[in-house]
Amino acid sequence: MEFDFSAILLALTVLFGVVWGLDRLFLYKKRKARLEAAGSEYRDPAPVDWARSLFPVVLVVLVLRSFVAEPFRIPSGSMMPTLDVGDFILVNKFAYGLRLPAFNTKFLDLGEPKRGDVVVFRFPGFLCRDASGKLVRSGDMSCADPQAPVPSQNWIKRVIGLPGDTVEIQGSDLLINGKPVQADEIGPYVGNPQRDEERLMLDMGATVWTEHLQREDGRMVNHLIARMPAYTTPYSIPNAVVPSKVPQGCYLVMGDNRNNSTDSRWWGCLPEQNLAGKAFMIWMSWKGWGTGGVDFHRIGRIIH
């Protein structure tokens with residue numbers, strides 16, 4: 001069952017606040033006077049006591065997760081070798097503006113994603129054509145059911161194209177605004193064959209590269225990517241549903257594991273309103289029992 005933890009926190013904050021507030025406004029004084037007249041020691045009823053104790057705790061957690069930093073766990077290998085399965089990351093929630101918890105409506109604009117940023121976002125759904133030929137967002141990757149509900153999931157990818165950019169992708173070749181993006185090969189991927197995602201990359205003969213993404217101000221973002229063409233050939237851009245020109249209010253995003261990432265090549269651009277924040281640090285890395293345990297070398301690593 002899918003659930004929105006931010007919505008749960010918001011609901012609990014409102015519930016505890018209302019219970020505590022209404023009690024203090026309408027019931028507290030009468031109850032206290034009655035108990036004092038009877039010579040009894042004053043105590044809040046259990047529901048009120050719980051609400052009074054938990055309200056500030058839940059409120060602080062809600063504020064921190066909504067406006068400062070939120071933890072996420074990496075569930076798949078689409079961002080390898082930058083991020084491994086089992087990495088726990090922190091996401092800057094104010095990098096791209098402050099948003100209302102649960103509703104994700106921006107009320108304060110503080111910045112926009114830059115090319116090369118690693119972003120966490122609410123999955124917008126796959127681009128499919130309905131019976132009338134109109135493009136719609138669907139939860140069905142095959143598009144057999146264009147009206148399938150889009151799952152409420154947080155995904156993580158790297159920003160490649162900004163609004164107004166022209167992005168062309170053919171195999172491993174990437175062009176942004178007509179200029180090829182350069183990448184230098186480092187060598188074969190080295191990993192632990194006991195872990196599924198790493199074994200797949202080893203079996204497919206994956207190689208690791210340093211890609212050089214140029215930002216608008218001329219600075220370079222040098223980051224790792226993996227290529228394993230023996231595994232699959234991803235969609236090119238442009239294709240039947242994804243144009244080469246990135247629309248306004250949208251971003252083209254890709255995983256660093258270029259041949260094993262379901263990203264904008266499949267489902268189009270990422271709408272700005274779906275952004276959750278910018279990933280900036282690995283605070284914990286768990287490889288699993290018997291397959292590495294805690295990877296202390298990754299803890300504290302800044303995400304580039």
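## Strand pairing and the first sheet

Two strands count as paired here if DSSP finds at least two bridges between them. With that in hand, let's walk through this predicted model, starting at strand β1. R73 stands opposite F88 in β2, and F72 faces I89 of that strand. Five bridges in all join β1 to β2, residues 87-92, and the two strands run in the antiparallel sense.

This pair belongs to an open sheet of seven strands, arranged in the order β1-β2-β17-β5-β8-β15-β16 with antiparallel pairing. β1 (69-73) and β16 (270-271) are its edges; each has a single partner strand, so one side of each is left without a neighbour in the sheet. As background, strands of a sheet pair through backbone hydrogen bonds, either parallel or antiparallel. The two faces of β1 are worth a look too: E70 and F72 lie on a covered face, while A69, P71 and R73 lie on an uncovered one.

## The three-stranded sheet

Further along the chain is an open sheet of three strands, again with antiparallel pairing, in the order β9-β10-β11. Its edge strands, β9 (167-170) and β11 (179-180), each pair on one side only.

Four bridges hold β9 and β10 (residues 173-176) together in the antiparallel sense. If you would like one contact to find on screen, Q170 has D173 of β10 as its bridge partner.

## The largest pocket

Now for the pockets. The largest has a volume of about 850 Å³. Its lining is made up of 39 residues, and those nearest the centre are F72, V120, Q153, N154 and W155. F72 is thus a residue to keep in view, as it also belongs to the covered face of β1.

Several elements contribute to this lining: α1 (5-37), α2 (46-67), β1, β5 (118-122), β8 (154-161) and β17 (275-285) supply at least two residues each. By class, the lining holds 16 nonpolar, 14 polar and nine charged residues.

## The second largest pocket

The second largest pocket has a volume of about 340 Å³. It is lined by 19 residues, with P81, T82, L224, R298 and R301 nearest its centre. Strand β14 (residues 220-227) gives the most to this lining, namely three residues. The classes here are nine nonpolar, six polar and four charged.

## Salt bridges

Across the whole structure there are 25 salt bridges. One of them joins the side chains of D256 and R158, with N and O 2.8 Å apart. This pair connects distant parts of the chain, 98 residues apart: D256 sits in the loop between β15 (250-254) and α4 (264-267), and R158 sits in strand β8. Are these two residues buried or exposed? D256 is buried, at 0% relative accessible area, and R158 is buried as well, also at 0%.

Another salt bridge links D23 and R24 through their side chains, at 3.0 Å from N to O. Here the partners fall in separate classes: D23 is buried at 3% relative accessible area, whereas R24 counts as partly exposed at 28%. Both take part in a network of salt bridges that also includes R31, D44, D49 and R52. Finally, D109 forms a salt bridge with K106, their closest N and O atoms lying 3.6 Å apart; K106 is partly exposed, at 26% relative accessibility.

Methods:
Residues numbered from 1 in each chain as written. Predicted model: local features only at pLDDT ≥ 70, side-chain atom pairs only at ≥ 80, totals over all residues. Heavy atoms only, no water. Buried < 20%, exposed > 50% of the residue type's maximum accessible area, 1.4 Å probe, protein only. 1 Å grid on protein atoms, 1.4 Å probe; cavity = no way out; pocket = protein on both sides within 12 Å on 5 of 7 lines; lining within 4 Å. Points joined across faces, edges and corners; volume = space filled by probe spheres on them. Nonpolar A, V, L, I, M, F, W, Y, C, P; charged D, E, K, R; others polar. Salt bridge = Lys/Arg side-chain N within 4 Å of Asp/Glu carboxyl O.
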